[in-house]
Amino acid sequence: MQLFVDQITVIDCGVLDRLRGLMGVSWIVDLSLTGEIDTHTGMIVDFGPVKTLVKQRLDALVDHRLLVPGQATGLGRADTDEGLSLHFHDDAGYRVDYLAPADAVCVLPTETIEPAVVAALLEADLRPRLPDRVSGLSLTLREEIIHGAEYQYCHGLAAHDGNCQRLAHGHRCRLEIEVDGQPSPTHAQRWSRQWRQVFLGSREHLIGDASVTRYRFGYTAEQGRFELELDARRCVLLDGPSTVENIARHIAEQLKREQPDRRFRVRAFEGVNKGAVAES
Ligand SMILES: Nc1nc2c(c(=O)[nH]1)N=C([C@H](O)[C@H](O)COP(=O)(O)OP(=O)(O)OP(=O)(O)O)CN2
């Protein structure tokens with residue numbers, strides 16, 4: 001007999017990817033369990049505690065972390081007094097440098113980070129924690145199907161009191177834009193192309209002598225010191241924290257500057273099924 005829980009949670013994290021460098025992803029997680037029915041309760045296991053356990057472990061192990069391919073040739077890493085220091089060269093020649101508390105990173109013993117590899121890691125962690133009645137467990141990590149425009153980014157919210165303060169976590173999101181009350185896929189697709197895979201940094205977190213070609217962002221948050229340096233062409237600078245409210249507002253204001261006579265409504269998502277609306 002099988003039990004399933006579709007979309008038990010969403011993993012929002014950063015990934016160091018050979019082809020795309022620093023990448024933000026949102027993976028929807030589906031759970032499937034096998035086991036025998038208990039004749040007394042009529043259940044294999046109660047959904048409630050299983051959902052709590054799975055979400056807790058996924059949050060602890062991978063959610064809002066930067067997932068790092070530990071066997072990638074382009075990777076260098078060192079433990080320092082301030083945390084884990086990473087250097088990553090992707091195949092296009094771009095370099096990312098990241099300093100963060102060890103808990104903000106998850107290094108996997110692989111050359112690339114694939115959803116199936118992450119699922120296998122999580123399954124191995126969860127199996128011994130489940131009641132004996134459960135004989136099998138499987139997780140599927142999948143991307144949301146987005147028919148229209150989407151954008152993908154990494155960021156960190158220094159003032160967030162949870163794991164969103166981690167500077168290199170990310171999301172993959174829908175984007176909807178209306179112009180004068182009508183959906184405009186053309187406008188949305190333009191932003192989608194511009195923000196295919198970007199780092200959204202707050203101007204106030206730029207540190208050091210930022211050259212024109214590389215930006216370095218840094219702050220000390222509740223969990224420790226975070227610093228990220230990457231190619232300026234892969235960054236967008238925002239005024240204020242890179243919350244989804246400010247992202248929607250940034251897009252709406254930029255559109256208004258370009259076409260002052262038109263009315264815009266921007267519906268920006270942060271990961272799956274949540275976001276903000278800004279009008280200009
Ligand atoms: N009003 C806002 N609240 C939060 C924002 C935001 O932009 N505006 N952003 C964040 C973080 O960036 C975070 O990455 C959001 O991820 P989320 O999965 O929602 O956070 P949780 O893990 O706490 O939620 P779960 O339901 O447990 O997945 C936070 N808040």
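**Entry 1: Glu227**

I began with Glu227, which sits in strand β14, residues 224–231. I note here that the model is predicted. I counted 20 other C-beta atoms within 10 Å of Glu227, so the residue is buried, given that 20 or more is the cut-off for that class. Leaving out residues up to four places away in sequence, I found that Glu227 touches Leu99, Arg216, Phe217 and Gly218. I also checked a pair: Glu227 and Gln259 are 32 residues apart along the chain, and their C-alpha atoms are separated by 37 Å.

**Entry 2: the whole protein**

I then stepped back to the overall fold. I listed 4 helices and 17 strands. The radius of gyration is 20 Å; a compact globule of 280 residues would have one near 19 Å, so the two agree. Along the principal axes, the C-alpha atoms fill a box of roughly 70 × 50 × 35 Å. Of the 280 residues, 36% count as buried. I looked at contacts between residues at least 6 apart in sequence, and 66% of them join residues at least 24 apart.

**Entry 3: the nonpolar core**

Which residues have the most contacts inside the largest nonpolar core? I found Leu66 and Leu67, in a core of 65 residues. Strand β2, residues 21–35, gives the largest share of this core, with 7 residues. In soluble globular proteins, nonpolar side chains tend to be buried together. I followed Leu66 further. Setting aside neighbours within four places in sequence, Leu66 is in contact with Cys13, Gly14, Leu16, Tyr98, Ala104, Val105, Ala168 and His169.

**Entry 4: around the ligand**

I turned to the ligand, which has 15 residues around it. Asp12, Cys164, Thr243, Val244 and Glu270 come nearest. By type, I sorted the shell into 4 nonpolar, 7 polar and 4 charged residues. Two elements, β1 (2–17) and α4 (244–258), each supply at least two residues of the shell. β1 gives the most, with 3 residues.

**Entry 5: helix α4**

I took up α4 next. This helix has 15 residues and reaches 21 Å from its first C-alpha to its last, close to the 21 Å expected at 1.5 Å a residue. I listed the buried residues of α4 as Ile247, Ala248, Arg249, His250, Ile251, Ala252 and Leu255. What do the buried residues of α4 pack against? I found α3 (185–194) and four strands: β12 (198–202), β15 (235–238), β16 (264–269) and β17 (275–279).

**Entry 6: two residues in β1**

I went back to β1 for Thr9 and Gln7. Thr9 is found in this strand. With 19 other C-beta atoms within 10 Å, Thr9 is partly exposed; I note that buried would need 20 or more. Not counting residues up to four places away in sequence, Thr9 touches Val29, Lys55 and Leu58. Thr9 and Asp63 are 54 residues apart in sequence, yet 9.8 Å apart in space, C-alpha to C-alpha.

Gln7 lies in β1 too. Gln7 is partly exposed, with 13 other C-beta atoms within 10 Å. I flagged its phi, near 50°, a positive value in a residue other than glycine. Most residues other than glycine have a negative phi.

**Entry 7: Asn273**

I flagged Asn273 for its phi as well: near 70°, again positive in a residue other than glycine. Is Asn273 buried or exposed? I counted 12 other C-beta atoms within 10 Å, so Asn273 is exposed. I placed Asn273 in the loop between β16 and β17.

Terms used:
Residues are numbered from 1 along each chain as its sequence is written. This is a predicted model: local features need pLDDT of at least 70, side-chain atom pairs count only at pLDDT 80 or more; totals for chains, interfaces and linings use all residues. The radius of gyration is taken over C-alpha atoms; the globule rule is 2.2 Å times the number of residues to the power 0.38. Two residues are in contact if their C-beta atoms, placed from the backbone, lie within 7 Å. A residue is near a molecule or strand if its C-beta atom, placed from the backbone, lies within 6 Å of it. Ala, Val, Leu, Ile, Met, Phe, Trp, Tyr, Cys and Pro count as nonpolar, Asp, Glu, Lys and Arg as charged, and the others, Gly among them, as polar. A nonpolar core is a set of buried Ala, Val, Leu, Ile, Met, Phe, Trp, Tyr and Cys residues joined through C-beta atoms within 7 Å. The expected span of a helix is 1.5 Å times one less than its number of residues.
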